[in-house]
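Trainee: I have a model open beside its sequence, and I would like to learn how to read it feature by feature. Could we take the surface, the interior and the charged pairs in turn?

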Amino acid sequence: YISAVGIIVCMVVSFVATNIWTVKKESDVETVLKVQLVLTSVFVTAGLYLLCTNYLPDQGITIGDKTGITQMGCFLCCCCGLWGGCLIGFITEYYTSSTYSPVRDVARSTETGAATNIIYGLALGYKSAIAPVMIIAVIIYIAFGCAGMYGVALSALGMLSTLATCLSIDVFGPICDNAGGVAEMCEMPNKVRFKTDALDAAGNTTAAIGKGFAIGSAALVSLALFGAYITHTFAGLKAAKVANVTGEQVNLLEPVVFAFLLYGAMVPYWFSALTMVS
């Protein structure tokens with residue numbers, strides 16, 4: 001149902017870019033594509049609310065070891081994934097668009113040689129991982145608390161509900177790049193190549209936004225699969241009276257443990273980035 005609603009919403013919102021909020025000049029390209037993403041997320045949120053209130057039981061739901069799951073808890077999980085993915089997309093845009101300072105700083109670093117350019121570029125890549133990992137950790141923590149592993153799976157589906165729009169935005173870059181190559185090979189006037197370059201620059205940024213969604217949802221899906229594997233494995237071992245599970249062990253299925261596991265893995269990149277550009 002989540003996927004179906006997402007496809008319908010993406011299809012309807014696509015008319016905004018073609019008929020309502022159209023591109024009138026080069027600087028409008030990124031703006032129009034971002035508007036598509038935001039509008040899709042808004043309308044999908046409304047659709048998710050209707051789904052959760054109409055297709056889930058009114059009373060507390062029990063899935064696996066998690067009891068007392070509510071409709072609004074499931075809705076919150078979906079929204080966390082949906083808007084968390086949107087935030088990751090915009091953070092990715094900030095670090096990859098020529099409009100903002102990070103890319104301009106890397107370009108400026110080339111004035112002092114290739115070494116500083118490599119250092120700045122690598123540091124920027126490391127820094128770009130900080131906020132998305134924090135967002136994913138928060139999504140996991142909230143989803144775990146609301147609905148356990150089922151909540152994490154719902155968050156992943158929520159993030160992927162705008163997939164049709166994200167893929168459309170993602171493929172914009174390669175199409176413009178190919179158009180630029182055709183213009184170059186046909187020896188068309190410089191003004192044609194100038195326009196395709198402007199479109200290609202916007203396309204590279206929007207392609208990066210799509211990758212942010214893909215990586216974020218992959219982290220959530222892998223966690224859901226990992227949790228399912230651990231749950232079934234321990235259930236089988238307990239049934240066979242093999243496992244001796246005590247409360248003293250570190251449980252990766254605890255929301256705090258897994259959320260801060262991701263956070264801790266990100267800290268060395270943060271420290272390295274700050275050190276490299278200091």
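Trainee: Which residues make the nonpolar surface patch of about 420 Å²?

Mentor: Before answering, please keep in mind that this is a predicted model, and that everything we read from it is computed. The patch is made by Leu 160, Leu 163, Leu 167, Val 221 and Leu 225. Helices H7 and H8 each supply at least two residues of this patch, and Leu 167 is one that lies in H7.

Trainee: How should I get an overall picture of the chain before going further into one helix?

Mentor: Begin with the elements and their order. The chain has 9 helices and 2 strands, and along the sequence they follow the pattern α-α-β-β-α-α-α-α-α-α-α. The C-alpha atoms fill a box of roughly 75 × 45 × 25 Å, taken along the principal axes. Of the 278 residues, 37% count as buried, while the accessible surface comes to about 15,400 Å², of which 68% belongs to carbon and sulfur atoms. Among contacts with a separation of 6 or more, residues 24 or more positions apart account for 72%.

Trainee: Which residues of the largest nonpolar core touch the most other members?

Mentor: That core has 50 residues, and the ones touching the most other members are Leu 37, Leu 48, Ile 140, Phe 144, Val 152, Leu 220 and Leu 223. The elements giving two or more residues to this core are H1 (2-20), H2 (28-55), H3 (71-96), H6 (130-160), H7 (163-185) and H8 (190-239). H6 gives the most, with 12 residues.

Trainee: If I select Phe 144, what does it touch, leaving aside residues up to four places away in sequence?

Mentor: With those set aside, Phe 144 touches Lys 66, Met 149, Val 152, Leu 223, Leu 253, Pro 255 and Phe 258. Two of these, Val 152 and Leu 223, also appear among the core residues that touch the most other members.

Trainee: Let us return to H7, then. Which of the residues of H7 are buried, and what covers them?

Mentor: A helix can be read by asking which of its residues are hidden and which elements hide them. The buried residues of H7 are Thr 165, Cys 166, Ile 169, Gly 173, Cys 176, Gly 180 and Ala 183, and what covers them includes H1, H2 and H8. You can also compare the length of the helix with expectation: at 1.5 Å a residue, the 23 residues of H7 should span 33 Å, and its end C-alpha atoms are 34 Å apart, which agrees.

Trainee: What is the backbone doing at Glu 187, just after H7?

Mentor: Glu 187 takes a positive phi of about 55°, and this is a positive value in a residue other than glycine. Glu 187 is found in the loop between H7 and H8, and at 70% relative accessibility it counts as exposed.

Trainee: Now the charged pairs: how many salt bridges does a search of the whole structure find?

Mentor: The general idea is that side chains of opposite charge can pair when their charged atoms come close. Here the search finds 4 salt bridges. In one of them Glu 93 pairs with Lys 34, the closest N and O atoms being 3.1 Å apart. Glu 93 lies in H3 and Lys 34 in H2, so this pair ties together parts that are 59 residues apart in sequence. Glu 93 is buried, at 4% relative accessible area, whereas Lys 34 is partly exposed, at 22%.

Trainee: Where do Arg 108 and Asp 105 lie, and how many residues apart are they?

Mentor: Both lie in helix H4 (residues 101-109), 3 residues apart, about one turn of the helix. The closest N and O atoms of their salt bridge are 2.8 Å apart. Arg 108 is partly exposed, with a relative accessible area of 48%, and Asp 105 is also partly exposed, at 31%.

Trainee: Which residues are linked in a network of salt bridges?

Mentor: Glu 184, Arg 193 and Asp 197 are linked in this way. Within the network, Arg 193 forms a salt bridge with Asp 197, their closest N and O atoms being 3.4 Å apart. These two residues are 4 residues apart in H8, and are therefore separated by about one helical turn. Arg 193 is partly exposed at 27%, as is Asp 197 at 37%.

Conventions. Residues are numbered from 1 along each chain as its sequence is written. This is a predicted model: local features need pLDDT of at least 70, side-chain atom pairs count only at pLDDT 80 or more; totals for chains, interfaces and linings use all residues. Side-chain values use heavy atoms; hydrogens and water are left out. A nonpolar core is a set of buried Ala, Val, Leu, Ile, Met, Phe, Trp, Tyr and Cys residues joined through side-chain atoms within 4.5 Å. Buried means under 20% relative accessible area, exposed over 50%, partly exposed in between (1.4 Å probe, protein chains only). Contact means heavy atoms within 4.5 Å. Patches are made of residues with over 30% relative accessible area and no salt bridge: like charges are joined within 9 Å, nonpolar side chains (Val, Leu, Ile, Met, Phe, Trp, Tyr) within 5 Å. Accessible areas come from the Shrake-Rupley method with a 1.4 Å probe; for residues, only the protein chains shown count as cover. A salt bridge is a side-chain nitrogen of Lys or Arg within 4 Å of a carboxyl oxygen of Asp or Glu. The expected span of a helix is 1.5 Å times one less than its number of residues.
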